Structures are given as structure tokens and as C-alpha cells.
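Please open the structure in a viewer and keep the sequence panel visible beside it. The tour proceeds by selections, each followed by a description of what is found there.

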Amino acid sequence: MPEPQPPAVQAPVREKATELPHPLPGVPECGHRSLLWSRPRMRLCFPNTSLRSLKKSAMRTPQSALELCERVIRVDRIRNEERNQDMTSIQHGSATQELKGKRALVTGGTRGIGAAIVRRFVEEGAEVLAAARSVPDTVPEGAGYVAADLRTPTGVEEVAAAALERLGGVDVLVHNAGGAGPHASALAISEDEWQDVLNLNLMSAVRLDALVAPGMRERRSGAIVHISSAAAFPPVPQVVHYTSTKAALENYSRGMTAELAPFGVRVNVVTPGRTDTPGGARNREEIALMGEGAIEFPDVPLGRDGLPEDIAEAVLFIVSDRASWIAGGNLVVDGAEFPRR
Ligand SMILES: NC(=O)c1ccc[n+]([C@@H]2O[C@H](COP(=O)([O-])OP(=O)(O)OC[C@H]3O[C@@H](n4cnc5c(N)ncnc54)[C@H](OP(=O)(O)O)[C@@H]3O)[C@@H](O)[C@H]2O)c1
């Protein structure tokens with residue numbers, strides 16, 4: 001009869017922080033991976049600890065990652081409150097009513113940069129229509145809203161028709177809706193993904209301009225802004241479909257300028273760098289999740305990520321009469337993050 005064996009000792013199962021659920025339980029809307037992998041952020045939150053040891057500690061257990069995240073989120077919250085106070089105190093001359101009497105159409109005007117543009121335009125007295133796919137609960141007060149998917153010609157037509165019906169025409173058009181799509185190496189991006197990103201970032205602007213610009217040309221006045229990305233030049237691997245379409249958008253804008261400037265219609269590009277928005281956070285998190293081969297985001301020389309309000313201010317300037325001799329320009333608003341051509 002074999003001797004009874006002692007029960008096998010099970011090696012403790014060690015959870016890996018890299019396999020953490022997303023988002024982390026207990027940390028609301030925590031994009032923990034991109035939070036922890038952003039160098040400037042970590043420096044700010046843990047000024048006396050090296051990034052390497054922070055990463056190591058974050059990888060050790062879910063609990064240690066959770067603690068780091070909570071600290072980052074707390075510091076972020078305080079910084080945002082401070083910044084918001086600063087922005088309010090600057091007050092960008094909202095008493096000027098710079099856009100009074102102007103009718104503005106802003107695509108992607110329900111979140112992030114677009115919503116900030118809408119708010120700023122409303123403050124300056126414009127009548128504003130925001131376009132996006134989902135019915136938002138965050139349409140800035142005072143603005144109208146039209147639901148449409150701008151990746152399709154039909155969606156673009158619906159937006160142009162709504163602008164004509166509700167505003168009676170468009171004096172200022174901001175093409176802001178855009179996005180990166182799934183992140184992958186260049187050769188892994190499928191035909192459908194290319195088409196999707198091309199439709200959203202380039203073709204929706206081309207199609208909308210074709211419907212809106214003729215009215216401006218007839219009236220011999222108007223301002224069009226296309227929102228590009230600092231990632232267009234030099235391109236960012238893992239999102240070459242995004243960066244290529246933004247580069248094409250910049251090229252197209254120059255071409256449109258040549259055609260429309262003689263009729264008093266100004267076309268310009270505004271190029272944001274890393275900006276604190278839901279879309280921006282999602283992209284950076286996806287890139288961080290790619291693990292091997294993922295790019296490290298450079299520090300922003302001006303010491304912080306952009307706020308949607310930073311970009312909105314640049315857009316307001318460029319559509320206003322203060323910029324009446326600027327056409328075919330590209331206003332880069334990126335805290336000097338990316339080296340430009
Ligand atoms: N944030 C950054 O770091 C950054 C940096 C450089 C450039 N940019 C550029 O700035 C622009 C705004 O970025 P963001 O970060 O503010 O983006 P976001 O937070 O993702 O907001 C995007 C807006 O566009 C709308 N939208 C997206 N797809 C659409 C579609 N197919 N049809 C109609 N509306 C659509 C969204 O609403 P729905 O989802 O409801 O449609 C939302 O209102 C984009 O062109 C982006 O490429 C951003």
C-alpha cells in the first residue's frame with residue numbers, strides 16, 4: 001500500500017500588473033497604463049523617484065499599480081483645478097463678442113477640443129451648430145446639435161443641410177472631427193481601417209468644404225479651419241493611417257487656400273499637440289498598450305499637456321478678423337512638443 005503523500009503545495013498564483021483589468025477596479029475611468037507610462041506626468045507626481053523604479057513598482061502587483069494610479073489621478077485633479085482657475089482668470093476677452101453675427105459649424109463639437117471651440121464661439125456671440133455621431137449630454141450651452149456620421153457622404157450632406165436650415169448659411173467652418181482608429185504597425189492596418197480613417201480625417205473635410213465653401217465664395221467672405229495633428233510631421237509609427245491622412249489634410253488645405261483666397265475665403269490649419277481630451281487619452285493609452293515597440297511620448301518642452309481651451313483660443317484667433325490677412329497658414333499649438341519640418 002503506497003504511503004499517503006502530503007498534499008501538493010500550490011505555488012501562490014502571482015497576479016501580474018500587466019494583466020490588470022481595465023479600468024482598474026476602484027479607480028474611476030482610470031487609463032492606468034498610459035497614466036503610468038507618461039514621463040512628464042510621473043515626474044510631476046513623483047518628483048524624487050526614477051521612472052524606472054516607478055515602472056518596476058507598478059509592474060509588481062495590481063495593488064502597487066493601483067496606489068500609483070490613485071496618486072497620479074489625485075495630482076492630475078489638483079493640476080486641472082489650478083489650470084482651470086488660471087484659464088478663468090485669463091478670460092480671453094469674452095466681452096468682445098468677436099464673432100457676433102457669425103454662423104459657425106463645428107464638426108466633432110461635442111467633446112474635447114471641438115466642445116471647447118463651440119463654447120468659445122458661443123461666448124464670442126456666434127450662432128453655433130455642432131455635429132457628431134452620438135446624441136451628447138454635453139453639447140455646450142447655447143449651441144445647436146446635429147447627429148451624423150461624417151465618414152459617409154450622406155452624413156456630410158445631412159450636416160450641411162442642417163447648417164443651411166438652422167443657421168441659414170455658414171460663415172465659419174471648423175472641421176475638427178477626427179481620430180486615429182486602431183493602432184497597429186503600418187503593414188497590419190487593413191484596407192477597411194485605412195478607408196475609415198481616410199474618410200474621417202480627410203474626406204469628410206473635402207466633402208463638407210465642397211458643400212459649404214461655394215456659399216462663402218458667393219458672399220466673398222468666410223473662414224475655414226481644418227484641425228490637423230502635430231503627429232502628422234514627422235509621422236508616428238503605429239498610426240501611419242492617421243498621420244498620413246492629417247498630412248494630406250494639411251496639403252489639401254493649402255490647395256484650397258489658393259482656390260478660395262481670391263474670393264475672400266480664408267482656409268487655415270490649426271495643429272494641436274498632445275491635448276487632454278477623451279480621444280487623446282484613449283490614443284495614448286492604446287499606444288502604451290502595444291508594449292514592445294510602443295513609442296515613448298516626448299516631454300512637452302512647455303511643461304504640460306495642452307488643454308482643449310488652448311486649441312480653441314488658437315482657432316478663435318484664426319477665424320476672427322484679427323487674422324484677416326492669414327490664409328494658407330498652419331498654427332501649431334503643441335507646447336513645442338514635436339520638431340516641425
Ligand atoms: N487630443 C489630442 O491629443 C489631439 C492631438 C492632435 C490632434 N488632435 C485632433 O483634434 C481633433 C479633436 O480631437 P479630440 O481629442 O478632441 O477628439 P475626441 O475627444 O475623440 O472627440 C472627437 C469628436 O469628434 C466626434 N466624432 C468622432 N468621429 C466622428 C464621426 N465619424 N462623425 C461625426 N463626428 C465624429 C466625436 O463625437 P462622436 O464620437 O459622438 O461622433 C467627438 O465630438 C481631431 O481631429 C484629432 O485628430 C487631437
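The tour begins with the whole chain and then visits the sheet, two helices, a loop and the ligand.

**The whole chain**

Select the entire chain first, bearing in mind that this is a predicted model. The secondary structure consists of 10 helices and 7 strands. The chain has 341 residues, and 43% of them count as buried. Among contacts between residues at least 6 apart in sequence, 72% join residues at least 24 apart.

**The sheet**

Next, display the strands alone. In what order do the 7 strands lie in the sheet? The order is 3-2-1-4-5-6-7, in an open sheet with parallel pairing. Strand 3 (144-147) and strand 7 (330-333) stand at the edges; each has a single partner strand, so one side of each is left without a neighbour in the sheet. From one strand to the next, the twist averages 20 degrees.

As background to this view, strands of a sheet pair through backbone hydrogen bonds, either parallel or antiparallel.

Select strand 1, residues 103-107, where 4 of the 5 residues are buried. Strand 1 runs parallel to strand 2 (residues 127-132), and 5 bridges join the two. To locate one of these pairings, highlight L105 together with L129, its bridge partner in strand 2.

Move on to strand 4 (residues 172-175), which is joined to strand 5 by 4 bridges and runs parallel to it. Here L173 has I224 of strand 5 as its bridge partner.

Now isolate strand 5 (222-227). Is strand 5 largely enclosed or left open? Since 6 of its 6 residues are buried, strand 5 is largely enclosed by the rest of the structure. In a regular strand the side chains alternate between the two faces of the sheet. In strand 5, G222, I224 and H226 point one way, whereas A223, V225 and I227 point the other way; all are buried.

Continue to strand 6 (265-272). It is joined to strand 7 by 4 bridges, and the two strands run parallel. P272 is paired with V333 of strand 7.

**Helix 8 against the sheet**

Keep the sheet displayed and add helix 8. This helix packs on the sheet, touching strand 5, strand 6 and strand 7, and its direction makes about 160 degrees with that of strand 6.

How far apart are the end C-alpha atoms of helix 8? They are 29 Å apart, which agrees with the 30 Å that its 21 residues (240-260) should span at 1.5 Å a residue.

Colour the buried residues of helix 8, among them H241, Y242, T245, K246, L249 and M256. Their cover includes helix 7 (191-219), strand 5 and strand 6.

Centre the view on A247, in helix 8. A247 counts as buried because it has 20 C-beta neighbours inside 10 Å, and 20 or more is the cut-off for that class. Leaving aside neighbours within four places in sequence, A247 is in contact with A232 and F233. A distance drawn from the C-alpha of A247 to that of L202 reads 9.2 Å, although the two residues are 45 apart in sequence.

**M216 in helix 7**

Select M216, which lies in helix 7. With 24 C-beta neighbours inside 10 Å, M216 is also counted as buried. Apart from residues up to four places away in sequence, M216 touches S221, G222 and V265. The C-alpha atoms of M216 and G264 are 8.4 Å apart, with their positions 48 residues apart in sequence as the separation.

**M290 in a loop**

Proceed to M290, in the loop between helix 9 and helix 10 (308-319). Is M290 buried or partly exposed? It is partly exposed, having 14 other C-beta atoms within 10 Å. Beyond residues up to four places away in sequence, M290 touches H183 and Q238. M290 and H183 are 107 residues apart along the chain, yet their C-alpha atoms are separated by 8.1 Å.

**The ligand**

Finally, select the ligand and its surroundings. Which residues are closest to the ligand? Of the 27 residues that surround it, the closest are G108, G112, G178, G279 and G280. Helix 5 (112-123) and helix 9 (278-289) are the elements that give two or more residues to this shell. By class, the shell holds 9 nonpolar, 13 polar and 5 charged residues.

Notes
Residues numbered from 1 in each chain as written. Predicted model: local features only at pLDDT ≥ 70, side-chain atom pairs only at ≥ 80, totals over all residues. Buried ≥ 20, exposed ≤ 12 C-beta atoms within 10 Å, placed from the backbone. Contact = placed C-beta atoms within 7 Å. Near = placed C-beta within 6 Å. Nonpolar A, V, L, I, M, F, W, Y, C, P; charged D, E, K, R; others polar. Expected span 1.5 Å × (residues − 1). Pairing = 2+ DSSP bridges. Axes fitted to C-alpha atoms, helices over the stretch in contact; angles between N-to-C directions.
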